Structure formats: structure tokens, C-alpha cells
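Good morning, and thank you for joining this group meeting. Please look at the sequence and the structure as they appear.

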Amino acid sequence: MAVIVAVIVLPVPGGVNLPVTPLPFTKPPGRVCILRLSALGDATHVLPLIAALRAQWPDSALSWIIGRNERRLLAGVDDIDFIEFDKKAGWPAISRLRRTLRQRRYDLLLHMQMSARSNLISRLVHAPMRLGWNRQRSRDLHGWFCTHRVAHVPFQHQVDGFLEFARALGVPVPARPRWDLPVSSEAVSWVVQQLEGFQWQAGAGERLLVISPCSSRPVRNWRAEHYARAAQFAARDLGMRVLLTGGPTAMEKAMGNAITSQAGVPCLNLMGRDTLEQSKAILQRADLVLTPDSGPAHIASALGTPVLGLYASTWSRRSGPYHSLDLCVDKFPEAARKYRQSQAEDLRWGTRIEDEGVMDLIQPAEVIDKLQRFSHA
């Protein structure tokens, strides 16, 4: 174990004084390694970068060091050498990764994760050029583990931030990013079966509202009674069908049960019953997804599904569903004033306001107004 530590803690020269000019590639690099471990939403944000690299460098071999759950999300993406890293396994996982990478040589590392752990992992990747984040977005001495930085662009959405890596490489970025997130036909068939087997209320239309009510960070979750009121309005006033989706934890199941019991309208509750691949199919089938800042918001957006995002703990300008920012109810500026006594623009980009009750800044009437506007669009 001591040998591993000695290998991975040595930073590259340069530190804070790193160039931000395009990297000097006279020809496409033969082998490129991407380091981005988490999270589910961020894994989808990398896909437009992958598409841009593939379009410009079709013969370059791409590897991606990625978390286990994130790799499952990208099932069906078969033109990348995925190197799984179990984030829960500690030093044994780092030892396994070291053995995997020992004989590999890359021309370029895209160091896209900012954490002490990922900085250590980056030293296992043998690459002479190591492109990382700009100084304003860096933390945990990230710059000391890179040779070059991307440009600083203020107030940039995460998707566009990841695409800065392409721009720093001189790779053209399309006006409309491509995601190309596949969904298996088996998962699509499963969703069809679930919808056909549920007794919807008389007169319910074909349009489907999917509510994914829980984030991995509970402070970002809206109240169950508010979701229930939105579900009731969607079903009774807009004639939509309502489906709930989420994970198998006790908290998520309790949230799903509370919503269905309080809504007063039929809701298909699939909380904890769908796999990750099946949840992708659900989000793809939806006409609209209602969710807080969470992985499903970004997965749905990557699949082209409109998302009514609920934001107060984080700012939709940075982490909202890329294609549906106009549909979001965003109270982050109010949260900044109430909980940080500051204007949102004056906070560090990416600040989270995770004070208890922050999501209560979002009122059901505001969400109902967005539902109504969506139905009439």
C-alpha cells in the first residue's frame, strides 16, 4: 500500500501557473483517457464532449475511468473502453485500478473530476498532457495534478463547462450538443407493460407526467404533499397520467407512498421497482418529468424529454436540465438572499445552499402554473 501512495501523491509541476491556450496537437492523439467518476447526472454531461471528440478524432481510442453505477447508466455505449472504479471499495479499488493502468500509456488525460481522491487516481494515468479545470472552478489542489487548464467562462452551465475541454483541444463544439444515450428495447417493452397493466382513471389521456421526487441529497427534496397537489392537478385538470419513479431506499418508498395516498388520483407507483435501465425507458417515455436537482433531471434531458425542475438548493443556470431551463421553478436567488445574505451572482459558482427548509421557497402554485403553461404550449 505504501508503494501506491508514493506513486500517486506526487503532483505534476506547474501548480497554479498553467497555460489555458489550446493544447499543441499537430495530429489527433492516439489514446485519450477521461477521468470522471460521478455522478449520474454528470455522466450524461460528458456525452456531448464524447460526441464532439468522436466527430473530430474518429480514430482516437477513448478510455473512461468511471464509477460503477455511472457505467450501468451508460449501458449500450460501446465505443469507449470503460474502466470501472468502485468508489465504495477504498484502497483495494485503487490497487486494482493501478494494476489495470500499469502498462497503459495515453497521449492525453482529461482530468474532469475535482476531489482529493480523483487527484490521487489521476497520478495512476500515464499521460504527458493532463487537461483540467480552470482555477476559478478548482479545489483540492486540482491544478497541481494537471499540465493545462480549460478557459474560465463565468456563469457557465455544467454541460458547457465540460465542452470547454473540447474547445481547449481545438475540437469544434456544435451549436446543439449531442447526447446519444441509448435505451434498451427490453426496458422500453417493460415500461409499455407497466402502463398497460395499470387501471388509469376514466378519461385520462395519453400524455404522461413522470414524478421522480427524490434527490440523493434529501435537503433538495420537495414536500410529498406538494408533489401530490401537482399530481392531482395534472390528472384532474390536464388529463395527464401520473407515474412515480425512484430508488429502493426507505426514504424514497415512503415519499412515493405519501404522494400516492395524498394525491386523490390514480398514480402508478414504481418507486424501487425499476432498474436503472428501466428508469431510463420511463424517462424517455414521459411527456414531462417533475423532479428536483437530481440524476433523473439530467438523464431525462439527455433523452430529449422536457423537465420541470425544482431548484432552490442549487441554481438551474448551472445544473438545470439543459433543454428545459425555461420550465424550471428556480428559487436559488431568493435562497442566496435568505440564507447567505448575498446575491446569487456574488457566491462561488456551484455553491449549494443546503439549509433545512430551503425547498419550501417553492410554492405549489408556481409548479401548477408551469404545468399549465406546458400543457398549452
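In what sense do strand β10 and strand β11 pair, and over how many bridges? Before I answer, please note that this is a predicted model. Strand β10, residues 288-292, and strand β11, residues 307-311, pair in the parallel sense, and they do so over four bridges. Within this pairing, T291 stands opposite G309 in β11.

Both strands belong to an open sheet of six strands, in the order β9-β8-β7-β10-β11-β12, with parallel pairing. Its edge strands are β9 (268-269) and β12 (329-330), each of which pairs on one side only.

Let us turn to the loop between β7 (208-211) and α8, where S212 is found. Is S212 buried or exposed? S212 has a relative accessible area of 3%; because the cut-off for buried is under 20%, S212 counts as buried. Leaving aside residues up to four places away in sequence, S212 touches T245, L290, T291, P292 and P296.

My last topic is a pair of helices. Two packed helices are described by the angle between their axes and the distance between the axes. For helix α8 (residues 224-236) and helix α9 (residues 250-263), the axes come within 8 Å and cross at roughly 50°. That makes α8 oblique to α9. The crossing of α8 and α9 is right-handed.

Which residues meet here? From α8 they are A224, E225, Y227, A228, A231 and Q232, and from α9 they are M255, A258, I259, Q262 and A263. By class, this contact of α8 with α9 has eight nonpolar, two polar and one charged residues.

Methods
Residues are numbered from 1 along each chain as its sequence is written. This is a predicted model: local features need pLDDT of at least 70, side-chain atom pairs count only at pLDDT 80 or more; totals for chains, interfaces and linings use all residues. Side-chain values use heavy atoms; hydrogens and water are left out. Two strands pair if DSSP finds at least two bridges between them. Helices (H or I, at least four residues) and strands (E, at least two) are DSSP runs, numbered from the N terminus. Axes are lines fitted to C-alpha atoms, for helices over the stretch in contact, and angles run from 0 to 180 degrees between N-to-C directions. Angles under 35 degrees count as roughly parallel, over 145 as roughly antiparallel, 65 to 115 as roughly perpendicular and the rest as oblique. A crossing is left-handed if the near helix is turned anticlockwise from the far one by less than a right angle, and right-handed if clockwise. Contact means heavy atoms within 4.5 Å. Ala, Val, Leu, Ile, Met, Phe, Trp, Tyr, Cys and Pro count as nonpolar, Asp, Glu, Lys and Arg as charged, and the others, Gly among them, as polar. Buried means under 20% relative accessible area, exposed over 50%, partly exposed in between (1.4 Å probe, protein chains only).
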